[in-house]
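Me: I would like to go through this model with a few short questions. Please show the sequence and structure before we start.

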Amino acid sequence: MSNVFSVDGAQQNSATTVSFGERFQSSEQFDHIFREGMALVERTASYLDGPGRKEAKNLNGAAGVLYATESMRLTTRLLDLASWLLIRRALREGEITEEEAQKKRRRVKLQAFGRPSHVKGYSDLPNGLKGLIEESFALHDRISQLDRAMSKPEEIDALSGPAANPVAQQVGLLERAFATKLS
């Protein structure tokens, strides 16, 4: 007797693979994250064009440079997150094919730049900017986790890019080079 069950709980005689990505993209949870992400993009733009611009003018020296740096990093992070959300929505709506979505997704870098809270002078930044930075990292973490869960293993390898530890990669190359010479 088989112990394979379908999504609705009924026992089946053959295995059925359920795509998390397809189910998630058509769920209310995706719609919620999409709205949340787009709202964060809008709030950030409003802040940086309005109150943030005024607050930045009051910052001196290093704090002004840090404000400019962190606002650019925030904007870049949010553009990448919005791109990911828009690609997934376009795929769900049938506006693009799976192949087109993969090609577009490879151009989106969900890089987690270091969190700036430990950077000297971060506490001097306006609370509005710090709040938006923290919200963007929280959204980034959720989307990165979803992206890994929704991607096939070979896509994850292609998207991860260079090894996380280039020194370990070089040591591995040296070990392989010397191992072939010793054999």
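Reply: Contact here means heavy atoms within 4.5 Å. The model is a predicted one.

Me: What share of the contacts with a separation of 6 or more comes from residues 24 or more positions apart?
Reply: The chain has 183 residues, arranged as 8 helices and 2 strands. Among its contacts with a separation of 6 or more, the part owed to residues 24 or more positions apart is 70%.

Me: In which order do the elements of the chain run from the N terminus on?
Reply: The chain has 2 strands and 8 helices to place. Starting from the N terminus, the order is β-β-α-α-α-α-α-α-α-α.

Me: At what angle do the axes of H4 and H6 cross?
Reply: Two packed helices are described by the angle between their axes and the distance between the axes. For H4 (residues 61-92) and H6 (residues 127-150), the axes come within 10 Å. Their crossing is left-handed, and the angle is roughly 35°.

Me: How many residues of the contact of H4 with H6 are nonpolar?
Reply: On the H4 side the contact includes Tyr67, Leu74, Leu81 and Trp84, and on the H6 side Leu132, Phe137, Ile143 and Met150. The contact also holds 3 polar and 4 charged residues, and the nonpolar ones number 14.

Me: Over the ring of which residue does the charged end of arginine 77 sit?
Reply: Arg77 belongs to the H4 residues that meet H6, and Phe137 is among the H6 residues there. The charged end of arginine 77 is 3.9 Å from the centre of a ring, that of phenylalanine 137.

Me: Is the pair of phenylalanine 30 and phenylalanine 34 stacked, edge-to-face or tilted?
Reply: A search of the whole structure turns up 1 aromatic pair. Its ring centres, in phenylalanine 30 and phenylalanine 34, are 6.1 Å apart. The two residues are 4 apart in helix H2 (residues 28-49), so about one helical turn separates them. Planes under 30 degrees apart would count as stacked and over 60 as edge-to-face; here they are at 35°, so the pair is tilted.

Me: Is leucine 59 buried or exposed?
Reply: Leucine 59 lies in the loop between helix H3 (51-57) and H4. Leaving aside residues up to four places away in sequence, leucine 59 touches Gly64, Tyr67, Asp124, Leu125 and Pro126. The cut-off for buried is under 20% relative accessible area; leucine 59 has 18%, so it is buried.

Me: What distance separates the C-alpha atoms of leucine 59 and proline 126?
Reply: Pro126 is one of the residues that leucine 59 touches. The two are 67 residues apart along the chain, and their C-alpha atoms are separated by 9.0 Å.

Notes. Residues are numbered from 1 along each chain as its sequence is written. This is a predicted model: local features need pLDDT of at least 70, side-chain atom pairs count only at pLDDT 80 or more; totals for chains, interfaces and linings use all residues. Side-chain values use heavy atoms; hydrogens and water are left out. Axes are lines fitted to C-alpha atoms, for helices over the stretch in contact, and angles run from 0 to 180 degrees between N-to-C directions. A crossing is left-handed if the near helix is turned anticlockwise from the far one by less than a right angle, and right-handed if clockwise. Ala, Val, Leu, Ile, Met, Phe, Trp, Tyr, Cys and Pro count as nonpolar, Asp, Glu, Lys and Arg as charged, and the others, Gly among them, as polar. Rings of Phe, Tyr and Trp (its six-membered ring) pair if their centres lie within 6.5 Å; planes under 30 degrees apart count as stacked, over 60 as edge-to-face and the rest as tilted. A charge sits over a ring if NZ of Lys or CZ of Arg is within 6 Å of the ring centre and within 35 degrees of the ring normal. Buried means under 20% relative accessible area, exposed over 50%, partly exposed in between (1.4 Å probe, protein chains only).
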